[in-house]
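Biologist: I am new to this structure. Can we walk through it with short questions and answers?

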Amino acid sequence: MKLYHSPMAPNPDRVVYFLRAKGKLDAVDLQEVSIMQQDHKKPEYREVSPFSQVPALVLDDGTKLTESRAICTYFEGIFPEPNLMGADPKEKALIEMWDRRIELMFFIQFAGWFRNVHPMMAPLEVPQSAEAAAKSEKAARKMAERLNEHLANNEFVAADRFSIADITLFITCGFCRVMKWAPHKELPNLGRWYDVMAQRGFAG
């Protein structure tokens with residue numbers, strides 16, 4: 001299998017960290033794609049990922065998968081242990097619920113802030129919008145506070161154990177560095193949780 005990724009980019013990191021948590025990173029052939037050099041928009045990469053998305057996974061039979069969550073779902077199926085997406089219907093629902101909340105209410109909101117205000121993103125986000133950036137920043141900061149409140153009484157994000165929801169939150173906190181924001185250093189419960197996650201070693 002070939003996994004196309006871009007180091008330090010959050011969606012590719014989500015898949016790489018997921019595989020590392022499975023102990024299966026060596027099961028794929030990693031192919032680096034530079035987003036900043038716009039490799040993802042080149043014709044040869046569009047043959048792999050028609051929407052120019054990174055990451056992308058090409059299976060041995062030629063099947064092509066994009067969307068980081070979908071790729072992780074595939075790996076959960078072929079590498080079932082350790083389980084990271086839920087062992088029964090209740091766990092699966094709780095983990096997906098929190099994973100979606102983090103993705104939609106924190107990660108995507110932060111990405112909107114970053115894409116619309118950071119000079120580095122000007123060539124990719126045309127035109128940038130200060131108004132959109134401000135709204136997204138407000139939403140991202142609010143969700144970070146809500147996650148901090150949730151983690152006051154929970155060791156992990158969902159289902160009382162380590163899961164893909166923890167990975168998604170971990171990579172999102174890391175992504176925040178591009179705006180020189182470290183929510184896990186400002187919010188105590190998020191910080192405690194982040195330190196535990198970092199010590200697990202799943203992120204390298």
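Modeller: Start with a term. A salt bridge is a side-chain nitrogen of Lys or Arg within 4 Å of a carboxyl oxygen of Asp or Glu. Keep in mind that this is a predicted model.

Biologist: Which residue forms a salt bridge with aspartate 99?

Modeller: Side chains of opposite charge can pair when their charged atoms come close. For aspartate 99, the closest N and O atoms of the pair are 2.9 Å apart. That is within the 4 Å cut-off. The partner is arginine 14.

Biologist: How many residues apart in sequence are the parts that this pair, aspartate 99 and arginine 14, ties together?

Modeller: Aspartate 99 sits in helix H4, and arginine 14 sits in helix H1. The salt bridge therefore ties together parts whose separation in sequence is 85 residues.

Biologist: Which glutamate forms a salt bridge with arginine 14?

Modeller: Here the closest N and O atoms are 2.8 Å apart. This also meets the definition, which asks for a distance within 4 Å. The residue is glutamate 103.

Biologist: How many salt bridges are counted between domain 1 and domain 2?

Modeller: The domain assignment gives domain 1 as 2-78 and domain 2 as 89-199. A search of the whole structure finds 8 salt bridges. Between domain 1 and domain 2, the count is 3.

Biologist: How much area do domain 1 and domain 2 bury between them?

Modeller: The C-alpha centres of the two domains lie 21 Å apart. In contact are 14 residues of domain 1 and 14 residues of domain 2. Carbon and sulfur atoms carry 69% of the buried area. The total is about 1300 Å².

Biologist: In domain 1, which residues lose the most area to domain 2?

Modeller: Three residues together make up 43% of what that side buries. They are Pro10, Arg14 and Arg69.

Biologist: Which element gives the most residues to the side of domain 1 that touches domain 2?

Modeller: There are 5 residue pairs in polar contact between the domains. On the domain 1 side, helix H1 (10-22) and helix H3 (68-78) are the elements giving two or more residues. By class, that side has 8 nonpolar, 2 polar and 4 charged residues. The top contributor, with 7 residues, is H1.

Biologist: What share of residues 1-83 is helix?

Modeller: UniProt lists this stretch as "domain: GST N-terminal", in an unreviewed entry. Its end C-alpha atoms are 21 Å apart. Strand makes up 17%, and helix makes up 34%.

Biologist: Is the peptide bond from valine 54 to proline 55 cis or trans?

Modeller: Most residues other than glycine have a negative phi, and most peptide bonds are trans. Proline 55 lies in the loop between helix H2 (43-46) and strand S3 (56-58). With omega near 15°, the bond from valine 54 to proline 55 is cis.

Biologist: Which residue does a cis peptide bond join to glutamate 81?

Modeller: Omega is about -5° at this bond. The partner is found in the loop between H3 and helix H4 (89-117). The residue is proline 82.

Biologist: What is the phi of glutamine 38?

Modeller: Glutamine 38 lies in the loop between strand S2 (29-32) and H2. Glutamine 38 is not a glycine, yet its phi is positive, at about 60°.

How values were computed:
Residues are numbered from 1 along each chain as its sequence is written. This is a predicted model: local features need pLDDT of at least 70, side-chain atom pairs count only at pLDDT 80 or more; totals for chains, interfaces and linings use all residues. Side-chain values use heavy atoms; hydrogens and water are left out. UniProt positions are given in the numbering used here, feature names are shortened, and annotations may be inferred rather than shown by experiment. Helices (H or I, at least four residues) and strands (E, at least two) are DSSP runs, numbered from the N terminus. Domain bounds come from an automatic or database domain assignment. Contact means heavy atoms within 4.5 Å. Buried area is the accessible area (1.4 Å probe) that two parts lose on being put together, summed over both. A polar contact is a pair of N or O atoms within 3.5 Å; within protein, one must be able to donate a hydrogen and the other to accept it, and residues adjacent in sequence count only if both atoms are side-chain atoms. Ala, Val, Leu, Ile, Met, Phe, Trp, Tyr, Cys and Pro count as nonpolar, Asp, Glu, Lys and Arg as charged, and the others, Gly among them, as polar.
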